[in-house]
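Good morning, and thank you for coming. I would like to take you through the places where the parts of one structure meet.

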Protein chains: 4
Amino acid sequence: MIRAGVVGASGLAGGELIRLIAQHPELELTFLGGSSHVGRRPAELHPGLRLDLGLTVRPVTAEIADQVDVVFLATPAPVSAELAALLADRVPAVVDLSGAFRIRTPELHDRWYPKVERRADLADRFVYGVPELVGDQLADAALISLPGCYATAITLGLAPLTLGLGLDLRTVVVDGKSGSSGGGLQLRTPDLHPLRNGAIAPYSPTGHRHAAEVGDFLARAKQGTIGSLTMSAYGVSHVRGLLTSSYVFTDDAVDERELWRAYVRFYKGHRFVRVRRHDETLLPVPDPQAVLGSNYCDVTVLHDVDGGRVVVLAALDNLVKGAAGQAVQAANIRFGLPEETGLTMQPVMPA
Amino acid sequence: MIRAGVVGASGLAGGELIRLIAQHPELELTFLGGSSHVGRRPAELHPGLRLDLGLTVRPVTAEIADQVDVVFLATPAPVSAELAALLADRVPAVVDLSGAFRIRTPELHDRWYPKVERRADLADRFVYGVPELVGDQLADAALISLPGCYATAITLGLAPLTLGLGLDLRTVVVDGKSGSSGGGLQLRTPDLHPLRNGAIAPYSPTGHRHAAEVGDFLARAKQGTIGSLTMSAYGVSHVRGLLTSSYVFTDDAVDERELWRAYVRFYKGHRFVRVRRHDETLLPVPDPQAVLGSNYCDVTVLHDVDGGRVVVLAALDNLVKGAAGQAVQAANIRFGLPEETGLTMQPVMPA
Amino acid sequence: MIRAGVVGASGLAGGELIRLIAQHPELELTFLGGSSHVGRRPAELHPGLRLDLGLTVRPVTAEIADQVDVVFLATPAPVSAELAALLADRVPAVVDLSGAFRIRTPELHDRWYPKVERRADLADRFVYGVPELVGDQLADAALISLPGCYATAITLGLAPLTLGLGLDLRTVVVDGKSGSSGGGLQLRTPDLHPLRNGAIAPYSPTGHRHAAEVGDFLARAKQGTIGSLTMSAYGVSHVRGLLTSSYVFTDDAVDERELWRAYVRFYKGHRFVRVRRHDETLLPVPDPQAVLGSNYCDVTVLHDVDGGRVVVLAALDNLVKGAAGQAVQAANIRFGLPEETGLTMQPVMPA
Amino acid sequence: MIRAGVVGASGLAGGELIRLIAQHPELELTFLGGSSHVGRRPAELHPGLRLDLGLTVRPVTAEIADQVDVVFLATPAPVSAELAALLADRVPAVVDLSGAFRIRTPELHDRWYPKVERRADLADRFVYGVPELVGDQLADAALISLPGCYATAITLGLAPLTLGLGLDLRTVVVDGKSGSSGGGLQLRTPDLHPLRNGAIAPYSPTGHRHAAEVGDFLARAKQGTIGSLTMSAYGVSHVRGLLTSSYVFTDDAVDERELWRAYVRFYKGHRFVRVRRHDETLLPVPDPQAVLGSNYCDVTVLHDVDGGRVVVLAALDNLVKGAAGQAVQAANIRFGLPEETGLTMQPVMPA
């Protein structure tokens, strides 16, 4: 068994990591870390999880290196930055779910994470990326930085166009819609149920750091370019799951059938990305409710002939493929397990 | 008292018309029309409305002309087309809430309403438009065609840029998000609660006829142009209210403060359009929950400096400002009443 | 115009009072009080309310007596207790929405409101009760204590059995179900949207102080007795509105048709109580969504012949008939206005 | 591998069976039956399930006996009655999820299932019951009738009082609250999202056949009696999961601590029943969101000392422990597998 520690155990992503590790045949939870709720058992923090693990939340120190083979950091970016420095050469694998090490271009990092001091030596050692796109690099990575939930969906949606077909995307306009779990459990008045239910909250109307992340990553690729990528993000009235819409304007010629084939080809062998036709089921897809609780990302590509654009839709569960599930997937690759180990649960729908 | 008839009385917009007329000091409900639920009282169809009106649903015939001064058609477009022909010269005012007479350009009409035969003579007599933009024309209109819910929001959002500032908008990408009441009460499996709740349903990902309507209307203006206007629409997990996001790319120079002033100036004297700063309250606005049950349309304009675009957000209650409320507003103007008569209810929030 | 002050202006009931007063033809808002958010305008606190009132939140002092004819206290019970003492003989009418003066029996008060010191002299001067049941007493009341939201529904449901028919109710088992707005806007983790949405939260499974309030009130009546009245309360997954189910076991003979007639008779002339048959509309009623935003309380009485019990259901909007609307209704009576003045808005459904 | 067939494959319980069988290490789906949607693949009917099973929906005939070891009937009761007669002696195990064979007392059956002709010979061969209570009998049952979703929760909640402690329960008042998935996917206007969202719908206020089922079952036990058991059921505003509240009046002496111990003792060794303290976590439990997607039933027992009653709360996912999960659990026992095989998924919370 691979011994796993979860830091940030009281948050939503932390709870989801505990859920997934509890269901994983090769991972064993051996450490729960956090600075708040010290001494608490998981069941006290996560009402769904009544597991008899014999673990309580404890502060993170260098000594935990003896107890774990991999540590998942489900912590705010500034905390992750500190813990990564502490654990980097002590623990075989550190998987960071925060934004601390996502953006490689220094100016972009400083722009979007001004409170997270960039440590160049450490940052350069992190492998960043969606497992489907950087799988090989994860196989021997000691330090892994996972994309954000929106960034995962946008990147999986656009990659077949740029990395696959080598298209030059003149203008990409991204509209992201997320449930309330994307915001975590911080005590903020707008997140109280009476105010959040029924809302379409334009919380990031003129930009989002996940867009910077996507641009930074795709710009490093050898083929396919993105001229302008803008993003706006909205909170809508459900809890779990997000959808990203990428409205793509390109001067290259496109054809819906060929786009479809390119997507299927690009993701062949990657079971967690489901390329779906918009009308293949009784509901229009992708729709985040059709991936709820699972590690799937559903992707659909459409050609708006009249509008002269390509519409790419991607849906995922922000706590699974957008966070904890993708973290476990990366760890699986890191430790030589099939990437789907412990992640074969089907979507819970309707919910 | 002005005698009012409502046709399509069993639907959501019909129910909302009954609600608003019941609260209106100058309108009196004298006729309820429909082809289904004949013989039923409003309370049987609309559980909230237990009004002792002494009316039941009846088929529409030419004879109703004796009973009404104004007829509101909350009927599907093909039905509205027929009833308009029947009632046009018999009733002083016909207000149609459907799409039958919205698009003036014949090819566009046929493209988006292929099942509604275009009757050119009749169509040309209809005054179409958001009351704030065509108020004068409504004052002596016998036939009024109201914009769709999305079209109202998009048009109110863009008009200060084109009609007001005379900007040339090279590319406008519209993303619309609506609650389930926008789809009415037809019996369709995807609209059942277990499947609709928690959804982000991309039901019109590559185009929407309301975009054609907006383009058709704004293109007739003397100043300001729109190069390309594309739209995608999504159903999200609440019932009432919609938000439209218009991502605008223009080569004209813009400045957020001046945009703001232009919007305030443009809507001066129009109480139902509230120009709002994105951060003026504890929740980001506009948000449809902040206009619920009211006839307001909240509009915010933002300059995304990095992205080189203008972001225009507009929120309204699709059953009020997007349908029944706007219909009453138009009728008020038509009959010489202050436009806000009977429409001064404040938003019911939270709900 | 009657000058009205609202204290607790930043809370949900405070916001609802501002909404209703803004729509009221005879009330004018002249004071906004509160200890938090001092200096803020209503629109900053209540995103739906963008009213140009020229008022900001200010601390309450004895001097406000010059500015108001009536003060509504939408404050926590301990604050209400203090403010009532301050304002009692200075302001013509004080309407308290809290529990500070609801329970007259001293031991019961101390049991359920241990943090609210009982001031016997002041408490005895308060008129407590649902306006429909104590209307006459309100006409010259200087101090008014309004029932809680649950208590209003339960009392209106049971009163025709006890006060009307004089039945002796051996056992009454009450089950109350409420939306999240019943809990206000305090920052508590369980009230965050991700945890509250989708919940059936048994927050008061073995008792609720509103039951004590109902018992205390009905026990003072001349006819009809209640042997045992127990209550449990649950938070369910919507925002506004509650339903109370009272399962009544009595040794007196009952008949559904006669019960129905008794209810209709009992509430004759009281427009805010709608006695409804369970199947009179396409949805089973009462259902709080059918009274949303209005001052109605819908009541249904059923005879469970097999079970040997009477089932009484009552639904209301906890922020209107359960709080602000009932407060305005009481003030209307107090100042000699028709009780429905400013309260004739119809339910906003669907929402 | 045990070959499994699912009939009623297009419904919610049918979809859930497909989901669980797809995750089950010992069950293999070999037949999909149904009278509607013939020829469709599961992914077309259930948007979450994009499984390459190579199966399409087909009509059920006697020939399917060659293809299956167990058939799950997720069909309406009248259909189940017919199919059970067809398959009874042809297939090794038939597991019926409908109410066709639940009630043993003939008069009660006819009262609550008037459209399902009772076939005495067949009915007597069915083993009915919650697996935790009738486990041994399932081990060699050819015909299994599963309790309803509400009945499962109520029975698991009351059994420790009657079967365990042998108490005589004078009066039991049950209040059941369920999400919309309990009603399936039939096309009915009240189940459309605009009308169902935000509702507290009293759809069965004076009785429910699941109460008859519970009474019929518990009355056959050797110890513990139930004098009167009444039930009312409500639809609330979420999709998946139900809570039952049983308000129990008994003349026997009770003590909360001893009740607690009795419950823990009674369910020792039964992993799917979690006996929980009301305040053991940050949310009050049981709450159906804390079991979502899992086969758990959470049970809490409380002593309302003032009210002289015992309050028993039970929460489960109506599609899992209330239907498909319990079906698989029963089949596991039937085929000699550990009862938790394929059912160890943890709750997906928040959702």
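I shall speak about contacts inside one chain and then about contacts between chains. Please keep in mind throughout that this is a predicted model.

Let me begin inside chain A. The domain assignment divides this chain into domain 1, residues 2-125, and domain 2, residues 150-316. Taken over C-alpha atoms, the centres of domain 1 of chain A and domain 2 of chain A lie 27 Å apart. Ten residues of domain 1 of chain A and 13 residues of domain 2 of chain A take part in the contact.

How much area is buried between domain 1 of chain A and domain 2 of chain A? The value is about 1,100 Å², and carbon and sulfur atoms give 55% of it. Within domain 1 of chain A, the residues that lose the most area to domain 2 of chain A are Leu12(A), Arg102(A) and Trp112(A), and together they account for 47% of what that side buries.

Arg102(A) deserves a second mention. Arg102(A) forms a salt bridge with Glu213(A), with 3.8 Å between the closest N and O atoms. In total, the rule finds two salt bridges across the interface of domain 1 of chain A and domain 2 of chain A. The rule also finds five residue pairs in polar contact across this interface, both residues being at pLDDT 80 or more.

Which helices supply at least two residues each to the side of domain 1 of chain A that touches domain 2 of chain A? They are helix H1 (12-22) and helix H4 (106-112) of chain A. H1(A) gives the most to that side, with three residues. By residue class, the side of domain 1 of chain A that touches domain 2 of chain A has five nonpolar, one polar and four charged residues.

I now turn to the contacts between chains, starting with chain B and chain A. Here 49 residues of chain B are in contact with 49 residues of chain A. The two chains bury about 3,800 Å² between them, 65% of it on carbon and sulfur atoms. Three residues, Ile200(B), Pro202(B) and Thr206(B), supply 15% of the area that chain B buries against chain A, which is more than any other three residues.

What charged and polar pairs cross this interface? Between chain B and chain A the rule finds four salt bridges. In one salt bridge, Asp175(B) pairs with Lys177(A), and their closest N and O atoms are 3.1 Å apart. There are also 23 residue pairs in polar contact between chain B and chain A, with both residues at pLDDT 80 or more.

Several elements of chain B each supply at least two residues of the side that touches chain A, among them strand E8 (168-178), strand E10 (225-235) and strand E13 (297-304). The largest share, five residues, comes from E11(B). The side of chain B that touches chain A divides into 28 nonpolar, 14 polar and seven charged residues.

How are chain B and chain A related? A turn of 180 degrees, with a shift of 0.0 Å along the axis, lays chain B on chain A with an RMSD of 0.0 Å. Ser237(B) is the residue of chain B that comes closest to the rotation axis, with its C-alpha at 2.6 Å. The same surface serves both copies, since 100% of the contact residues of chain B recur in chain A.

Finally, let us consider chain B and chain D. This contact takes 19 residues from each of chain B and chain D. The area buried between chain B and chain D is about 1,600 Å², with 74% given by carbon and sulfur atoms. How many salt bridges are counted between chain B and chain D? The count is zero. Six residue pairs are nevertheless in polar contact between chain B and chain D, both residues being at pLDDT 80 or more.

Helix H8 (residues 193-196) of chain B gives the most to the side of chain B that touches chain D, with four residues. That side is made up of seven nonpolar, nine polar and three charged residues.

Chain B can also be laid on chain D, by a turn of 180 degrees and a shift of 0.0 Å along the axis, with an RMSD of 0.0 Å. That is the relation of a two-fold axis. Again the same surface serves both copies, and 100% of the contact residues of chain B recur in chain D.

Thank you for your attention.

How values were computed
Residues are numbered from 1 along each chain as its sequence is written. Chains are lettered from A and ligands numbered from 1 in the order in which they are written. This is a predicted model: local features need pLDDT of at least 70, side-chain atom pairs count only at pLDDT 80 or more; totals for chains, interfaces and linings use all residues. Side-chain values use heavy atoms; hydrogens and water are left out. Domain bounds come from an automatic or database domain assignment. Contact means heavy atoms within 4.5 Å. Buried area is the accessible area (1.4 Å probe) that two parts lose on being put together, summed over both. A salt bridge is a side-chain nitrogen of Lys or Arg within 4 Å of a carboxyl oxygen of Asp or Glu. A polar contact is a pair of N or O atoms within 3.5 Å; within protein, one must be able to donate a hydrogen and the other to accept it, and residues adjacent in sequence count only if both atoms are side-chain atoms. Ala, Val, Leu, Ile, Met, Phe, Trp, Tyr, Cys and Pro count as nonpolar, Asp, Glu, Lys and Arg as charged, and the others, Gly among them, as polar. Copies are superposed by least squares on the C-alpha atoms of residues with pLDDT of at least 70 in both.
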